[in-house]
Amino acid sequence: MISKLEELILFAVLRGSGSATASDVQAALSDATKKEQSFGSVFTTLDRLSDKKFVKWRKGEPDGRRGGRAPRLYEITGAGRKALDEAVRATHIAAGGTKSLEPWGAPPLPLPIRR
Amino acid sequence: MTKCDSCGKVIRFLPSEKDKLTEYTTHTDGTRDERYIRVSICTWCALREEGRVRWSFQRKSILRFRKIEDANQKPPKGFLIDLLVPPDRADDMLLELQKGFERWVPKYGARCARRMFITHSIGSIIRFWIDGILKRLDLLKFFASGGVSDERDRARLF
């Protein structure tokens, strides 16, 4: 089970559609919580999620200056997506909902029953 | 009778030639422009704008406003991060903090953004090293428990 901060960060990375930077994540968190979120917690949480293989990162294009620095672009993995699904479902059930919640749109079709 | 432009209340003291507002614009090359504006807002409305414009009383009826030109503010160098964080992590960390600084300048003003940059960079360095220590402690706990990562695994094995 992931923590609330990890859940919010995974949502922000998911919204970034494969090229989310830590700055984008921090901005999204600050918007969501109406409070300036610390960069330190974002960096460490992203590192931990990366260790858990919930997100993966690649180096982006360095900025134009000589010796320019390259940002890390984060992308959510399948395991991250699954963990996020579980977290959302758990929150929904804890709030009194049913198990059939699908956070990513329409509910899935029922599997055929073999007799 | 002079009324406040902002709230419409009557201004108690009559603005004379001396009652004027001085706005300073400081450029990046160190030069400074001064501009005098006639006071047409009351003191309380002026003070309400404190977040955007920094103020101090010079005399009883004269407000001195100081406004820094925010647009040309360069982000701080962040040498602490370069010094205390491994280079592969420092690159990304510094770049992101500088992006954050650019976002904070129009929102909070240059001085506050600079202060936030320093606070966040120190916080990031401390958290980076504390997280490293905690990871090693977790590893120690993992070996101490005989290679079992959590209670559920322990229950399954024993």
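From the N terminus on, the elements of chain A follow the order α-α-α-β-β-α in this predicted model. Put as a tally, chain A has four helices and two strands. Of the 115 residues in chain A, 30% count as buried. A look at how the chain folds back on itself is also helpful here: among the contacts of chain A between residues at least 6 apart in sequence, 44% join residues at least 24 apart.

One pair of helices in chain A can be followed in some detail. Helix α2 of chain A spans residues 22-33, and helix α3 of chain A spans residues 39-51. These two helices pack at an angle of about 120°, and their axes are 10 Å apart. Angles over 145 degrees count as roughly antiparallel and those from 65 to 115 as roughly perpendicular; α2(A) and α3(A) are therefore classed as oblique to each other. The crossing in which α2(A) passes α3(A) is right-handed.

Which residues meet where these helices pack? On the side of α2(A), they are A:Ala22, A:Val25, A:Gln26 and A:Leu29. Their counterparts in α3(A) are A:Phe39, A:Val42, A:Phe43 and A:Leu46. Sorted by class, the contact of α2(A) with α3(A) comprises seven nonpolar residues and one polar residue, with no charged residues. The polar one is A:Gln26.

Chain B can be read in the same way. Along the sequence, chain B shows the pattern β-β-α-β-β-α-α-α-α, which amounts to five helices and four strands. Chain B has 158 residues, and buried residues make up 17% of them. Among the contacts in chain B between residues at least 6 apart in sequence, 50% join residues at least 24 apart.

The two chains also touch each other, and this is where the two descriptions come together. Here, 17 residues of chain B are in contact with 16 residues of chain A. On the side of chain B that touches chain A, the elements giving two or more residues are α3 (87-108) and α4 (110-144) of chain B. Of these, α3(B) gives the most, with ten residues. What classes of residue make up this side of chain B? The residues there divide into six nonpolar, four polar and seven charged. For the helix pair within chain A, by comparison, the contact of α2(A) with α3(A) has no charged residues.

Technical notes:
Residues are numbered from 1 along each chain as its sequence is written. Chains are lettered from A and ligands numbered from 1 in the order in which they are written. This is a predicted model: local features need pLDDT of at least 70, side-chain atom pairs count only at pLDDT 80 or more; totals for chains, interfaces and linings use all residues. Axes are lines fitted to C-alpha atoms, for helices over the stretch in contact, and angles run from 0 to 180 degrees between N-to-C directions. Angles under 35 degrees count as roughly parallel, over 145 as roughly antiparallel, 65 to 115 as roughly perpendicular and the rest as oblique. A crossing is left-handed if the near helix is turned anticlockwise from the far one by less than a right angle, and right-handed if clockwise. Two residues are in contact if their C-beta atoms, placed from the backbone, lie within 7 Å. A residue is buried if 20 or more other C-beta atoms lie within 10 Å of its own, exposed if 12 or fewer, and partly exposed in between; C-beta atoms are placed from the backbone.
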